[in-house]
Amino acid sequence: MTQITKREVDRILALSDAFGPSGMEDAVSALVRAELDGVLELTEDRMRNVRGELNPDSSGPKIMLDAHLDEVGVIVQAIRPNGTMNFLPLGGMTAGNLPSSLFDLKAADGSVVKAAVAAKPPHFMSASERNSAPAIEDMVLDCGSVSDKETREDFGLGVGSFGVPAVKAFYKEEKGLFFGKAFDCRIGVAAQIETLRRLKGEKLPCRVQASFAVQEEVGERGVYANYKALQPDLMICFEGCPADDTFQPDYMIQAALRKGPMLRHFDRSMITSPRFQKYALDLGRAKGIPLQESVRSGGGTDGGMIHTEGIPCIVVGIPVRYIHSHHCWCTAEDYLAAVDLAAEICRNLDAEVLAAF
Ligand SMILES: [Zn+2]
C-alpha cells in the first residue's frame, strides 16, 4: 500500500480543525476547493454544496463520489439574564458526553469565543438530580460573561450563534494515528479529495463526479442538490463511520481500527444494492485491499437520500472511534485503503458492469 504523504496529513488535520457545523460549512467548502484547485472545475451553490466532474469529456456511467462537509455542533437558542446560553444540538450529540466539554462559538465579527457546557455543580444538586442523567435542555453554554448584555455586546454572541467542539487535531506519525474532532465526515472528505487527485489524468471507463454536501447531520439535506445537478448513475458515499471495537464482543465487531474501510449492507436509511456491494467487495479483495462488512441497526448516510431515486449506492466508511463526540481517533491505513478501493472501482466500473446491476 502507498504511504500517506505529508500533504495528505496536513490536509486531514486542517479539515478536522475547520469550523463547519451543519448550516455553516463555509470554511470547509473553501478548503475543499483550495485542495482541488487545478484538479477539477468545482462550483459552489448558495448552500455551500460543492460539486464538479473530473473528466467531463469521457464516456461511460457517471459515478458520483460523495462526502459530507458538516459536523455535529450546537446553535445558541436563548441568552439568560446571567449571560449563559441555552443551546440545541446540530446533529446527534449525546447528553452524557456534553457536561464540561468546550465549544468554539462563532461571534458576529467572525472571531471564535470559547464556551464550556455547564451543568449544575454537584454541590447544588438534590439526591435525585445526582442520580439521574443530565438532559441537554438543562445545560447551558458559559463563555464567562455575567450578563445578557455582556454576552451580546462584548462577546458578540446571540440567538443563532453556531458552535463546534473546541479540539485541535494532531497526528502521531509513528503509529499512523489521527486524533481530532469531526472525522465524521472530514476523513471521508479527505479520502474523496485524494481519490480525485489520484484519478486525475487517468483514462477511465466512467465519468467520475464529485459531491461535497452540506447538512448531512441534520437529515441528509445538502446532497440532493448535488444529485440533481450531476444526475449520476451510481454513488460511492465516503463516511467517517462509528468504530465499534472498544465495546462490542469480538463476534459483533464490524468497524475496527486498522482493518480497512467498512462496507455497510444495511442501516436505518438504506439497504445497500447487493449487486454493487458484491462488486465492490469482490474487486477490493481481489486487489488485496482490507475491507470490513457491517449490518447496522442505527445510522444513516447521504446514500439514504439518493438511493430512493433509483441510484445504486455503496458506503465506504473509514472507522472512527467516538464519532459525534469531541475526541475521535482514526488511522492513516484505513483512510488509504478507502482511497485505494474507490480508485479501483472508478478504474474498472464500465457500462457493462453497470448493466449487470
Ligand atoms: Zn457522517
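The points below go through one sheet, the helices beside it, a salt bridge and two backbone details of a predicted model.

1. The sheet considered here is an open one of three strands, arranged in the order β10-β11-β17 with antiparallel pairing. Its edges are taken by β10 (170–172) and β17 (328–331), and because each of these has a single partner strand, one side of each is left without a neighbour in the sheet. From one strand to the next, the twist averages 25°.

2. Within that sheet, β10 is joined to β11 (residues 177–180) by three bridges in the antiparallel sense. For Phe-170, the bridge partner in β11 is Phe-179, a pair that can serve as a starting place for inspecting the register of the two strands.

3. Helix α1 (residues 6–17) lies across β10 and β11, and its direction makes an angle of about 20° with β11.

4. Helix α1 also packs with a second helix, and two packed helices are described by the angle between their axes and the distance between the axes. For α1 and α2 (residues 26–35), the axes come within 11 Å and cross at roughly 165°; since angles over 145 degrees count as roughly antiparallel, α1 is to be described as roughly antiparallel to α2. The crossing of these two helices is left-handed.

5. On the α1 side, the contact with α2 is made by Arg-7, Arg-11, Ala-14 and Leu-15, while α2 contributes Val-28, Leu-31, Val-32 and Glu-35. By class, the residues of this contact comprise five nonpolar and three charged ones, with no polar residue among them.

6. Arg-11, one of the α1 residues in the contact with α2, also forms a salt bridge with Glu-194, in which the closest N and O atoms are 2.9 Å apart. Because Glu-194 belongs to helix α5 (residues 183–199) and Arg-11 to helix α1, the pair ties together parts that are 183 residues apart in sequence. Over the whole structure, the search finds 26 salt bridges.

7. Two backbone details deserve a careful look, given that most residues other than glycine have a negative phi, and most peptide bonds are trans. The peptide bond from Asp-184 to Cys-185 is cis, with omega near 15°, and Cys-185 lies in helix α5. Gln-215, which is not a glycine, has a positive phi, near 55°, and this residue is placed in the loop between β12 (207–213) and α6 (223–230).

Technical notes:
Residues numbered from 1 in each chain as written. Predicted model: local features only at pLDDT ≥ 70, side-chain atom pairs only at ≥ 80, totals over all residues. Heavy atoms only, no water. Pairing = 2+ DSSP bridges. Helix = DSSP H or I, 4+ residues; strand = E, 2+ residues; numbered from the N terminus. Axes fitted to C-alpha atoms, helices over the stretch in contact; angles between N-to-C directions. Contact = heavy atoms within 4.5 Å. Parallel < 35°, antiparallel > 145°, perpendicular 65-115°, else oblique. Left-handed = near helix turned anticlockwise from the far one by under 90°. Nonpolar A, V, L, I, M, F, W, Y, C, P; charged D, E, K, R; others polar. Salt bridge = Lys/Arg side-chain N within 4 Å of Asp/Glu carboxyl O.
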